[in-house]
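Student: I am new to this structure and should like to understand the terms used to describe it. May we go through them in turn?

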Amino acid sequence: MKITHEQWASKIGFVLAAAGSAIGLGAIWKFPYVAGTSGGGAFLLLFLLFMVLLGYPLLLAEFSIGRFAGSDAVSAYKKISPSSNSHIIGLIGLVTCFIILSFYSVIGGWIIIYIFHAISGSLSRLTVEQYNVFFQELISNPFATILAQLIFMIITIFVIARGIQDGIEKVSRFMMPALFILFILIVVRSLTLENAWEGVRFIFYPDFSKLTTDAILFALGQAFFSLSVGMSIMVTYSSYVPKSQSLPKSAFSVVLMNVFIAILAGLAIFPGVFTYGLEPSAGPTLIFSVLPTVFEQMFAGTLFMILFFLLFLFAALTSAFSLLEMIVAVIIKGDSSKRNKTAWIVGLSVFALGVPSCLSFGVLSNVLIWDKTIFDIADYVTSNILIPLGGLFIALFVAYRFPKQQLLEEIQLGSGVTETFMNIWFILIKYFTPIAIIIVFLDAIGMLSFLK
Ligand code: PHE
């Protein structure tokens, strides 16, 4: 059987798919509320710095591994360094993707339920407290949430089963521009609210005194979580990139879009929160309880609420695609005839694994591991342990296992970047990235608490 590795049909297709993977809950939900409460503009500045010094170098590292090898993530490490056990990096990525998707789909399901309710009109005229009750009841309802999670997974499976060009690329080329346009519409609406300025000030005004150790560490961790690096997803996506495309430029576009959306998210959320006198530091419930109240009170609010949750769904879906694709690619090893069946088997297994996570907000809420619910433990293990570990190994792999000459040639292909650029990048990935990740990791496992 002849195996031809698939390719993206267009340059922009790859960039949008990679940006789609990156832009998700991290940029839209987590970033705005943390930025707002951790020094506003000062936090933003720091985040930008880490994106450039840490996120970007790692993203480019994954891109060059993937395109150089032109194969799935496990084979890629083997191909580049056959004598080492580096393919374990790919396997860690695979496990990480499996676990993340199992709980990411739970939240995807909630978003679907919100869209249904928003359309049916049953979300109108509730107060924040009532939304809170609604939200708590919704997430503890086993039947509805599992069904919605299944729907979210089935959409994801459908797209992955169709492959790179017909599936991921086609859908991302529609969803990502739609996401930008919807966001801009909402931001325009939100900036024309009465007290919009207070919200803008909340996220932009630099208050360096609020830049705590916690905030700095969060900015560091967020810089690579929100770019989806560390689990070889970007190795997978870049294996479909033709040699004529510039990797440094593509990576730059992905970073830029991610930052842009994070800022838009802040501008969409906070003006309303201040205009209607709501609590800006509501944290996790901000999007599900506070935001609907904001929409309810504005002109044509229901429409904007439906649009907002729709774009939130798009953002979650395009991240889910990348998580499933990474696993499917490793299993089929370029043989497209196995794609359909594999996508279904893996996708449904991920769903089955995710059911306990889903139920941990209801019937299984008493099941605790290390004082955490099943959902929280899945999130904790992946975000705080597996992703940083994967990122660290990838940086070290590029610095010590990838033959330098070939590595630099790969980056040079189709890009024409200067030698100085490559030298700076190499120094960052060799020294700065590993050290920064070790700091984040030590913090995540509680070993830096003496600093606080
Ligand atoms: N980058 C995504 C976000 O910011 C999260 C994610 C991580 C998605 C890993 C895919 C893989 O929400």
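Tutor: A polar contact is a pair of N or O atoms within 3.5 Å; within protein, one must be able to donate a hydrogen and the other to accept it, and residues adjacent in sequence count only if both atoms are side-chain atoms. This is a predicted model, in which local features need pLDDT of at least 70 and side-chain atom pairs pLDDT 80 or more, while totals for chains, interfaces and linings use all residues. Residues are numbered from 1 along each chain, and side-chain values use heavy atoms, without hydrogens and water.

Student: What makes leucine 25 a polar contact of the ligand?

Tutor: A backbone N or O atom of leucine 25 lies 2.8 Å from an oxygen atom of the ligand, and the limit is 3.5 Å, so the pair qualifies. For glycine 26 the backbone distance is also 2.8 Å. The side chain of tyrosine 104 has an N or O atom 3.1 Å from a ligand oxygen.

Student: Why is lysine 333 called partly exposed?

Tutor: Buried means under 20% relative accessible area, exposed over 50%, and partly exposed in between (1.4 Å probe, protein chains only). Lysine 333 has 44% relative accessibility, so it counts as partly exposed. Its phi is positive, near 45°.

Student: What makes aspartate 371 exposed?

Tutor: Its relative accessibility is 70%, and therefore aspartate 371 counts as exposed. Aspartate 371 also has a positive phi, of about 70°, although it is not a glycine. Most residues other than glycine have a negative phi.
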